[in-house]
Structures are given as C-alpha cells and as structure tokens.
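The following paragraphs lead through one protein model, from a single residue outward to its surroundings.

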Amino acid sequence: MSFENNIPSGTDLLAEIDRLRKERNAIILAHYYQKPDIQDLADFVGDSLELSRKAADTDADVIAFCGVKFMADTAKILSPEKIVVLPDLDAGCSLEDSCPPDKFKAFREAHPDHIALTYINCSTEVKALSDVIVTSSSAETIISQIPEDQPIIFGPDRHLGGYLSRKFNREMLLWPGVCIVHEAFSETELLKLKEQHPGAPVAAHPECPPTIIDYADYVGSTSGILQFARTFEGDTLIVATEPHIIHQMEKALPEKNFIGAPGADGNCSCNICPYMALNTMEKLYACLRDLEPRIEIEEGLRLKAKQSLDRMLEMASGTVGKGDLGKV
C-alpha cells in the first residue's frame with residue numbers, strides 16, 4: 001500500500017474519508033480505545049464483537065475496522081462476503097500474542113476432559129480450537145450455564161479468568177496471558193487517586209489484576225463501564241481501563257468528571273494501548289483508498305472459528321455489547 005503518497009490533511013482529509021466511505025459503500029467501525037478523532041467520524045463506536053455484528057447487519061460492501069487485528073478477523077468471520085480492511089495490520093493484541101495456536105492446541109490435548117472457554121481477544125486459529133468464545137459482557141452468563149462438574153480451560157486472559165473463578169467459586173485451568181494495558185495499572189497510584197477524590201467510585205475492566213479489581217465499585221466490560229458512568233451517584237468517576245473510553249463519557253455526560261486510573265509511577269502513558277494507537281486518520285484514508293491491508297481467512301478455518309462464536313451467541317446473545325453507541 002502506497003501509504004505515503006498523496007495523503008491529504010486537515011479538513012481535506014476528513015472530506016476525503018467521507019467521500020471514500022460513500023464511494024466504497026463502506027462502514028467505519030471504531031473501538032472505544034481508538035483516538036477521539038477516529039471515534040467521532042465512525043459510523044459505530046463500541047465493543048469489538050458488537051461492532052462486527054452491527055456491520056454484518058448492514059448492506060455495506062466494505063468494513064473499515066479501526067481496532068486491532070483480532071477484531072477485524074472477527075468481522076470477516078461474521079461477514080465473509082464483505083471486504084474487511086484494517087488501517088494498520090501491525091495493530092495486534094498482547095493477549096492474542098500470548099496464546100500461539102500450536103501451544104493452545106497442545107494444552108487442550110493434555111486436558112481432554114476440559115472444555116475451552118476462550119476470551120474473544122485471541123486469533124482466528126485459537127477460536128477454531130475453542131468450544132465457546134466469551135466476551136467480558138457475556139462470560140458470566142455463559143459460565144452460569146456450564147455444569148459445575150464440567151472442568152474448564154479459560155484463556156488467554158488469566159486476570160479475567162481469575163475474576164470469574166473467584167466470583168463463581170469455580171476452579172479453572174487458566175492460560176497465563178495478560179493485557180499489557182490493564183496489567184500496567186498501579187495499586188499504589190490508584191490509592192493515591194482515591195485519597196485525592198474521596199468517595200469517587202472506581203469502575204474497572206475485568207482484565208485488570210486483582211490488586212485493582214479489589215478496589216472497584218463496578219467491574220464490567222467497556223460497554224458496562226459506560227452504562228455505570230451514566231448511572232453512578234456523584235460527580236467524579238475513576239476509570240480503570242484504556243483511557244480513550246473517557247471520550248465517550250465526556251460527550252454523554254459533560255457535567256461529570258472522569259479520571260483515568262494511573263499506571264506505573266503515575267506519569268507514564270502505559271495505560272494507553274500501543275496497538276490501538278497505530279491506527280490513524282491518515283491510515284484509515286489509505287486503507288479505504290487502496291482497500292488494503294485486507295483481512296483474508298481460509299473458509300474451513302473461518303467456519304470452525306464461527307462455530308465457537310455461534311455457541312456464545314446462542315448462550316448469551318442478550319448480553320453481548322450492552323450499551324454500545326451508534327449513530328442512527
């Protein structure tokens with residue numbers, strides 16, 4: 001893709017993206033962790049799976065997914081007839097990287113009596129090796145339907161798996177992956193922030209480690225955190241997830257104060273997802289112009305991966321993507 005060639009800027013860039021969107025019959029999706037400028041021009045802003053489901057229900061010919069690769073892959077799994085492009089193919093995910101398909105396959109084979117509940121933040125190949133995919137909003141509903149005597153493998157996020165294990169008092173074999181963003185939050189810095197804002201509740205994503213979850217007044221998916229932001233009492237909320245979600249909170253509730261939980265020493269930007277940050281307006285323009293980088297999935301693999309997604313939707317379709325925001 002000749003990205004460097006003839007990239008407009010400023011209002012011309014916005015106008016060209018809009019022109020290409022119409023010319024390509026494209027729909028632009030943006031995850032909550034994208035930069036505000038991308039969120040503001042997207043047709044839909046939301047959680048990863050619900051974005052893919054919304055796109056599948058449209059008559060768009062092209063899906064431009066401003067997120068990370070596993071999200072664009074999921075869109076292709078659900079919409080094989082559509083062209084799916086990702087602004088930057090290097091926009092990966094530490095959870096996906098932590099779970100190579102060959103190692104996950106060997107792990108499954110070593111525990112043949114276990115079923116695999118796998119967080120959607122994984123590769124298409126790992127989805128194809130799984131029994132049921134879960135999201136942070138559907139996992140509890142799905143686990144509650146699994147007999148207590150059925151052993152469970154949960155991967156690739158050990159923090160989400162550990163949270164569910166504690167909540168349901170269920171032993172699970174946990175794959176040792178973590179999200180580098182949620183792993184970066186500092187208990188010490190969070191306690192300092194709570195001292196500065198006494199009485200302010202904490203909303204945390206379940207990908208956070210227990211040292212953060214233990215202080216949370218609400219634990220839930222990005223969509224769930226947005227809903228909590230709409231309903232909590234008070235005027236200040238501490239948010240322990242990737243801070244670009246705060247853009248949607250500030251748009252919906254400008255009268256309230258939203259503070260991102262700090263990472264490490266309180267001064268670093270390590271709570272910003274470096275993979276999501278790879279997508280830019282210029283790259284979005286280029287991928288709509290060139291229809292590259294394009295997501296391609298072999299059909300047999302796609303169908304195997306879709307089976308585990310379909311099982312999730314059968315078990316918990318009403319919980320997927322609650323609270324996603326879209327333009328009517």
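In this predicted model, Y119 lies in strand β5, which spans residues 115-119. Its relative accessible area is 4%, so Y119 counts as buried, the limit for that term being under 20%. Beyond its neighbours within four places in sequence, Y119 is in contact with L95, V134, T135, S136, F154, G155, P156, D157, L160, H205 and E207.

The last of these partners, E207, is found in the loop between β9 (202-204) and α12 (210-213). E207 is likewise buried, with a relative accessible area of 4%. The side chains of E207 and Y119 make a polar contact at 2.5 Å. Apart from residues within four places in sequence, E207 is in contact with L95, Y119, N121, D157, H159, C179 and H182. L95 and D157 thus appear among the contacts of Y119 and also among those of E207.

Both residues carry an annotation. In the unreviewed UniProt entry, the feature "binding site" covers H31, S48, Y119, I120, N121, S136, H205, P206, E207 and T222. From this set, H31, S48, Y119, I120, N121, S136, H205, E207 and T222 belong to the lining of the largest cavity.

The nonpolar interior can be considered next. The largest nonpolar core has 106 residues, and those with the most contacts inside it are I17, I28, L117, M249 and L284. Helix α4 (residues 69-78) gives the most to this core, contributing six residues. One of the core residues named above, L117, is in contact with V132, V134, I142, I143, I146, I152, I153, F154 and G155, leaving aside its neighbours within four places in sequence. Of these partners of L117, V134, F154 and G155 are also in contact with Y119.

Note on methods. Residues are numbered from 1 along each chain as its sequence is written. This is a predicted model: local features need pLDDT of at least 70, side-chain atom pairs count only at pLDDT 80 or more; totals for chains, interfaces and linings use all residues. Side-chain values use heavy atoms; hydrogens and water are left out. UniProt positions are given in the numbering used here, feature names are shortened, and annotations may be inferred rather than shown by experiment. On a 1 Å grid over the protein atoms alone, a cavity is a set of points where a 1.4 Å probe fits but cannot get out, and a pocket is an open set with protein on both sides within 12 Å along at least five of seven lines; lining residues have an atom within 4 Å of a point. Helices (H or I, at least four residues) and strands (E, at least two) are DSSP runs, numbered from the N terminus. Buried means under 20% relative accessible area, exposed over 50%, partly exposed in between (1.4 Å probe, protein chains only). Contact means heavy atoms within 4.5 Å. A polar contact is a pair of N or O atoms within 3.5 Å; within protein, one must be able to donate a hydrogen and the other to accept it, and residues adjacent in sequence count only if both atoms are side-chain atoms. A nonpolar core is a set of buried Ala, Val, Leu, Ile, Met, Phe, Trp, Tyr and Cys residues joined through side-chain atoms within 4.5 Å.
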